Amino acid sequence: MMTKQELTDWALANGWKMIGAYPCLPKPDAPKEALVRMLLKSTGVDLQMRRPSGRWEKVAGQSYLKIYPDPRTGQPLDMGLEKITGIARLMERARSQE
């Protein structure tokens, strides 16, 4: 199980930025504009992507009780990150812009 704080700490250590009140992955060409965000709620987390229209769309959601860190990398498993195409590349670009 991962807590809200553990997910936030992991995200910020892996290229995510706080934009507004949410950990977000910014657009590579617009670092102040979020492309993917985590909505950390009281019992779970939702992953949302910004569509070209500017509207946010939920792509995954999970209870904190079902999210656990990968023993080797610490990356949250069963949160739905794998549903976002190119998430690893986005995180790498965000880390390199720090």
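Buried, for this talk, means under 20% relative accessible area. The model I am showing is a predicted one. I will start from one residue, Gln48, and then move out to the sheet around it.

At 11% relative accessibility, Gln48 falls under that cut-off, so it counts as buried. The residue sits in strand S4, which covers residues 44-50. What does the side chain of Gln48 reach? It makes a polar contact of 2.7 Å with the side chain of Arg37. Leaving aside residues up to four places away in sequence, Gln48 touches Leu35, Val36, Arg37 and Leu39, and also Trp56, Glu57, Lys58 and Val59.

Now the sheet. It is open, with 5 strands in the order S1-S2-S3-S4-S5 and antiparallel pairing. Strand S1, residues 17-19, and strand S5, residues 56-63, are the edges, each pairing on one side only. On average, and ignoring direction, neighbouring strands are turned by 40 degrees against each other.

How many bridges join S4 to S5? There are 7, and the two strands run antiparallel. Within that pair, Val45 has Gln62 of S5 as its bridge partner.

Two helices pack on this sheet. Helix H1, residues 4-13, touches S1, strand S2 (22-27), strand S3 (30-40) and S4, and its direction makes about 155 degrees with that of S3. Helix H2, residues 87-96, touches S1, S2 and S3, and its direction makes about 90 degrees with that of S2.

To come back to the starting point: Gln48 is a buried residue in strand S4, with its side chain in polar contact with that of Arg37.

Terms used: Residues are numbered from 1 along each chain as its sequence is written. This is a predicted model: local features need pLDDT of at least 70, side-chain atom pairs count only at pLDDT 80 or more; totals for chains, interfaces and linings use all residues. Side-chain values use heavy atoms; hydrogens and water are left out. Helices (H or I, at least four residues) and strands (E, at least two) are DSSP runs, numbered from the N terminus. Buried means under 20% relative accessible area, exposed over 50%, partly exposed in between (1.4 Å probe, protein chains only). A polar contact is a pair of N or O atoms within 3.5 Å; within protein, one must be able to donate a hydrogen and the other to accept it, and residues adjacent in sequence count only if both atoms are side-chain atoms. Contact means heavy atoms within 4.5 Å. Two strands pair if DSSP finds at least two bridges between them. Axes are lines fitted to C-alpha atoms, for helices over the stretch in contact, and angles run from 0 to 180 degrees between N-to-C directions.
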